[in-house]
Amino acid sequence: ITYDNQNRYFTKTVWAKLIDRSCVLERLFDDGRIFEDNPVVPQWLHSAAYVAYSDSPLYFYFHNNEGIVRKKYTIEQLDNVWAKRKRFEFFRDNNYPRMAQHALNEFVYATAVAYSRTIKELNDKNTARKVKLEFLQVYARNFRSARLDRKERFAVFECFHPSMANMYYLSKVIRNKVNNLLKLLVRRKYK
């Protein structure tokens, strides 16, 4: 449990936690991956005999601008999609429906962003297609449980179909301009 602007939330990262060695030895990190702690931490908590929580601020995390989350986008960062998928599958398979829902939403959003960034920043359409295929496979099997809000649905749509999203935005701008022009004409006519 960590804090963000005084709100409690469960983190999937290894920092800010003390984990019993026996839990760690049951499930080690996957070699050669980044974001490797994301799917493993829930498994550690699941296998723990008990979890203690303190709301005392005992830990300060320094955001490293050169760390994996903030550095320039690379092909290795697609491991984030892998990690989100593994977390979702763990929660689903171990009957944690609320956590599975949250993890599925994170997977959907992370996949859409990865697809978009792979095309825009890496200019790698083959890898982007693989990301999109993975998204479709997971989402198709689990779409009934995915409850994305309107903003998340549009973000996914915008990432996978940027030209259609641009047309939507353009049509919205044109519609607003036409409505404003009509209002102006009506006001002038009735003055």
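**A walk through a mostly helical model**

Let's start with what is tucked away: of the 191 residues in this protein, 30% are buried. Keep in mind that you are looking at a predicted model. On the outside, the accessible surface adds up to about 13900 Å², and carbon and sulfur atoms hold 54% of that.

Now trace the chain from its start. You pass through two strands and then a run of helices, in the order β-β-α-α-α-α-α-α-α, which comes to seven helices and two strands. The chain also links up parts that are far apart in sequence: among contacts with a separation of 6 or more, 63% join residues 24 or more positions apart.

So where do the nonpolar side chains gather? The largest nonpolar core has 21 residues, and F107, V108 and V156 have the most contacts inside it. The elements giving two or more residues to this core are α3 (79–93), α4 (97–120), α5 (125–142) and α6 (150–160). Of these, α4 supplies the largest share, with eight residues. For a closer look, pick V156: leaving aside residues up to four places away in sequence, V156 touches V108, A112, F135 and L148.

Finally, look at how α4 and α5 sit against each other. Their axes come within 9 Å and cross at roughly 160°. Because an angle over 145 degrees counts as roughly antiparallel, α4 is roughly antiparallel to α5. The crossing itself is left-handed. Plenty of side-by-side partners can be found here: residues of α4 including L104, F107, V108 and Y115 meet a set in α5 that includes V131, F135, V138 and Y139.

Technical notes. Residues numbered from 1 in each chain as written. Predicted model: local features only at pLDDT ≥ 70, side-chain atom pairs only at ≥ 80, totals over all residues. Heavy atoms only, no water. Helix = DSSP H or I, 4+ residues; strand = E, 2+ residues; numbered from the N terminus. Buried < 20%, exposed > 50% of the residue type's maximum accessible area, 1.4 Å probe, protein only. Contact = heavy atoms within 4.5 Å. Areas by Shrake-Rupley, 256 points an atom, 1.4 Å probe, with all protein chains shown as cover. Core = buried A, V, L, I, M, F, W, Y, C linked by side-chain atoms within 4.5 Å. Axes fitted to C-alpha atoms, helices over the stretch in contact; angles between N-to-C directions. Parallel < 35°, antiparallel > 145°, perpendicular 65-115°, else oblique. Left-handed = near helix turned anticlockwise from the far one by under 90°.
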